[in-house]
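Please open the model in your viewer and keep the sequence panel visible. The tour below proceeds by selection, one stop at a time.

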Amino acid sequence: MKKSNSRLYRLVARESRPEWAQGTRAIRAGGVEVGGDRPVVIAGPCAVESRMQIMETAHAVKEAGADMLRGGAFKPRTSPYDFQGMGEEGLELLAEAGAETGLPVVTEALDVRHVGLVSKYADVIQVGTRNMHHFPLLKELGKAGKPVLLKRGFGATVNEWLCAAEYVALGGNEDIMLCERGVRRNPDAPDAGLKIDFGAIAEVRRLSFLPVIVDPSHGTGDSEKVESACRKAVRSGAHGLIIEVMPEGWDRSAVKCDPEQFIYPSALRKIIEGIGRWRKSDPRPA
Ligand code: PEP
Ligand code: MN
């Protein structure tokens, strides 16, 4: 077993916090407990694209049993020519959909300058994989007064991920959930792209007391692979899942962001029903 590096991340390390020698420090995100006995499900579109889309999705994921609603208003896109998100209008629509369904909302702050604005609308502020090393943003989120969903950089080690969490904690905010969303594999491999590091779940649970969730949507990039990734995540001890979902039958070709990986609410329902069964084989490390 690898030695921990808690000198680098003292506040979030189990070994420097005797009160967290065991167990998970659950956080409350808009009334929902993350890191408690039951894995939580955060579901919704990649990006808020219109009022109709976010309202329909919010009602459908609520109906399917989701605990929280996700949706990006500021999108980190690889190409600057791609849809960048609806900005504040997207935040307003997301918050409205959350209020209408009673679901707390999770959305990304892409930029230090947006933290104040995003925290006005969000119950949980997401840090995207590309920003895990954006230290000024992490410091700002330490003071934002909202729980943070911290994605693992797709090229980051577990140590670097926990150091990023430490930046947030150092600002006074320990309400952090970690999110494994896939790491880059050999681009020449037959299924080039990303691979979810399921082993990292037990590793961070050993090294830290922070809850850890998994993103099977960005982690697989393929709607057909989402259910099996959810099963593996829950069996590996994940405290939750964040899944991209669009309304039933929604036309993939009309979606502005990540059209290949979202699932429909009927598939979400099946996953949520599966969680209880899969959970029984959770080894519950730490
Ligand atoms: C997202 O969740 O919308 C997202 C862009 O994820 P990631 O930062 O993991 O790519
Ligand atoms: Mn996406």
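A residue is called buried when its relative accessible area is under 20%, exposed when that value is over 50%, and partly exposed in between. The structure on display is a predicted model.

**First stop: E174 and R17**

Select E174. Its relative accessible area is 18%, so E174 is buried. Now add R17 to the selection: these two residues form a salt bridge, with the closest N and O atoms 3.0 Å apart. E174 sits in the loop between α5 (158–170) and β8 (176–180), while R17 belongs to the segment before β1 (27–29); the pair therefore ties together parts that are 157 residues apart in sequence. R17 has a relative accessible area of 13% and is buried because this value is under 20%.

Extend the selection to E19, R25 and D175. Together with R17 and E174, these residues are linked in a network of salt bridges. As a general point, side chains of opposite charge can pair when their charged atoms come close. The count for the model comes to 17 salt bridges.

**Second stop: E96 and R51**

Next, select E96 and R51, whose salt bridge has its closest N and O atoms 2.7 Å apart. E96 lies in helix α2 (residues 88–101) and R51 in helix α1 (residues 51–64), so this pair links distant parts of the chain, 45 residues apart. Are these residues buried or partly exposed? E96, at 30% relative accessibility, counts as partly exposed, and R51 also counts as partly exposed, at 45%.

**Third stop: R70 and E244**

Move on to R70 and E244. They form a salt bridge in which the closest N and O atoms are 3.5 Å apart. R70 is in strand β4 (residues 68–70) and E244 is in strand β12, 174 residues apart. R70 counts as buried at 3% relative accessibility, and E244 is buried with a relative accessible area of 1%.

**Fourth stop: the manganese ion**

Keep E244 selected and display ligand 2, the manganese ion. Which residues coordinate this ion? The donors are C46 (SG), H218 (NE2), E244 (OE) and D258 (OD), at 2.0 to 2.4 Å. Along the sequence, the donor residues follow the spacing C-x171-H-x25-E-x13-D. H218 lies in helix α7 (residues 216–220) and D258 in the loop between β12 (240–244) and α9 (265–279), so this pair ties together parts that are 40 residues apart in sequence. Finally, colour the two by accessibility: H218 counts as buried at 14%, and D258 counts as buried at 19%.

Conventions
Residues numbered from 1 in each chain as written. Chains lettered and ligands numbered in written order. Predicted model: local features only at pLDDT ≥ 70, side-chain atom pairs only at ≥ 80, totals over all residues. Heavy atoms only, no water. Donors = N, O, S within 2.8 Å, 3.2 Å for Na, K, Ca; no water. Helix = DSSP H or I, 4+ residues; strand = E, 2+ residues; numbered from the N terminus. Buried < 20%, exposed > 50% of the residue type's maximum accessible area, 1.4 Å probe, protein only. Salt bridge = Lys/Arg side-chain N within 4 Å of Asp/Glu carboxyl O.
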